[in-house]
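Biologist: Could you walk me through this model, one label at a time? I would like to hear the reasoning behind each word.

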Amino acid sequence: MRGLGTLALRVSAALVLLFIFTPIFVIVAFSFNAPSGKFNYTWQGFTLDNWADPFKYPALTEALKMSLLVAGISTAIALVLGSLMAIAMARRRFRGSSLVETLLVLPLTAPEVVMGASLLTLFLDLGWASGPVTIVIAHVAFEISFIAMTVRARARGIDWSLEDAALDLGAGPVRTFATVTLPMVVPGVVAAAMLSFALSLDDFIITYFVSGSTVTYPLYVNAAVKAAVPPQINVLATAILVVSLVLLALGTLYRRKRL
């Protein structure tokens with residue numbers, strides 16, 4: 001019975017993984033499809049022409065550039081704010097820390113449609129025109145929570161007496177942070193940055209509310225479903241996937257070498 005249970009567990013796990021990764025396999029496979037019409041929905045035949053000209057559609061390319069730009073800027077801003085907040089919360093308990101922790105969880109639990117509508121209302125009340133700036137602000141608003149929670153999980157396992165030792169040996173606060181604190185939280189910071197970048201690049205609902213006339217990659221794909229779905233959408237999505245896997249592999253190899 002134990003062997004049968006182990007087999008059933010492995011089969012169930014395999015089926016769940018297959019269910020999760022099947023859409024990814026379809027995206028990759030259809031990047032090599034040669035559709036006869038405007039929609040890349042049915043398999044017509046294998047071709048490499050799509051990969052030979054991945055930037056065939058300027059509007060799609062510009063949308064991808066905008067998504068990468070917004071993701072890069074918002075991740076950089078949120079990474080600084082969220083990491084400092086996480087270190088402060090893990091380093092010391094202060095008055096109101098419980099309230100800060102509760103407020104930090106709210107963006108993670110609030111429906112995206114509610115957050116998007118709230119941000120749109122705020123921008124309209126302030127008289128700000130929707131565009132790249134409002135998209136960056138909106139993305140920073142929800143990325144900070146993910147980054148702070150991720151870095152905080154790493155910071156909780158740090159021996160903070162190392163900071164005191166560095167200060168006792170004559171290092172200033174800035175040098176102590178740069179040479180002692182920061183290296184200890186770097187794994188959490190890198191993981192948080194990758195997660196934040198992926199969430200920003202993938203976000204649709206919040207971006208839809210605050211984008212105005214600006215078009216990001218998810219917004220372009222949503223609009224293309226009604227008019228035309230070129231295979232270059234799959235090509236660029238596959239390229240992003242490959243780059244993500246390469247970065248993940250490099251990070252894993254780097255951690256193994258350090259261990």
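Modeller: Gladly! Let's begin with Val 229, which sits in the loop between helix H10 (217-227) and helix H11 (232-258). Keep in mind that this is a predicted model.

Biologist: Why is Val 229 called buried or exposed, whichever applies?

Modeller: Buried means under 20% relative accessible area. Val 229 has 10% relative accessibility, so Val 229 counts as buried.

Biologist: Which residues does Val 229 touch, leaving out those up to four places away in sequence?

Modeller: With those set aside, Val 229 touches Lys 38, Phe 39, Asn 40, Tyr 41 and Ala 224. A contact means heavy atoms within 4.5 Å.

Biologist: And how far is Val 229 from Pro 183 in space?

Modeller: Their C-alpha atoms are 45 Å apart, with their positions 46 residues apart in sequence.

Biologist: Let's move to another loop. Where is Ala 129 found?

Modeller: Ala 129 is in the loop between helix H5 (112-126) and helix H6 (132-155).

Biologist: What makes Ala 129 count as buried or exposed?

Modeller: Exposed means over 50% relative accessible area. Ala 129 is at 70% relative accessibility, and therefore Ala 129 counts as exposed.

Biologist: How far apart are Ala 129 and Gly 212, in sequence and in space?

Modeller: They are 83 residues apart in sequence, and their C-alpha atoms are 7.6 Å apart in space.

Biologist: Now the whole protein. How many helices and strands are there?

Modeller: The protein has eleven helices and zero strands.

Biologist: What share of the protein is buried?

Modeller: Of its 259 residues, 33% count as buried. The accessible surface is about 15700 Å², and carbon and sulfur atoms account for 71% of that surface.

Biologist: What percentage of contacts join residues at least 24 apart?

Modeller: It is 75%, taken among contacts between residues at least 6 apart in sequence.

Biologist: Which residues does UniProt list under "transmembrane region"?

Modeller: The unreviewed UniProt entry lists 7-32, 66-90, 102-124, 130-151, 185-211 and 231-254.

Biologist: How do you know what residues 66-90 and 231-254 look like in the model?

Modeller: We can check each span. Residues 66-90 are 100% helix and 0% strand, with end C-alpha atoms 35 Å apart. Residues 231-254 are 96% helix and 0% strand, and their end C-alpha atoms also lie 35 Å apart.

Definitions and conventions
Residues are numbered from 1 along each chain as its sequence is written. This is a predicted model: local features need pLDDT of at least 70, side-chain atom pairs count only at pLDDT 80 or more; totals for chains, interfaces and linings use all residues. Side-chain values use heavy atoms; hydrogens and water are left out. Helices (H or I, at least four residues) and strands (E, at least two) are DSSP runs, numbered from the N terminus. Buried means under 20% relative accessible area, exposed over 50%, partly exposed in between (1.4 Å probe, protein chains only). Accessible areas come from the Shrake-Rupley method with a 1.4 Å probe; for residues, only the protein chains shown count as cover. UniProt positions are given in the numbering used here, feature names are shortened, and annotations may be inferred rather than shown by experiment.
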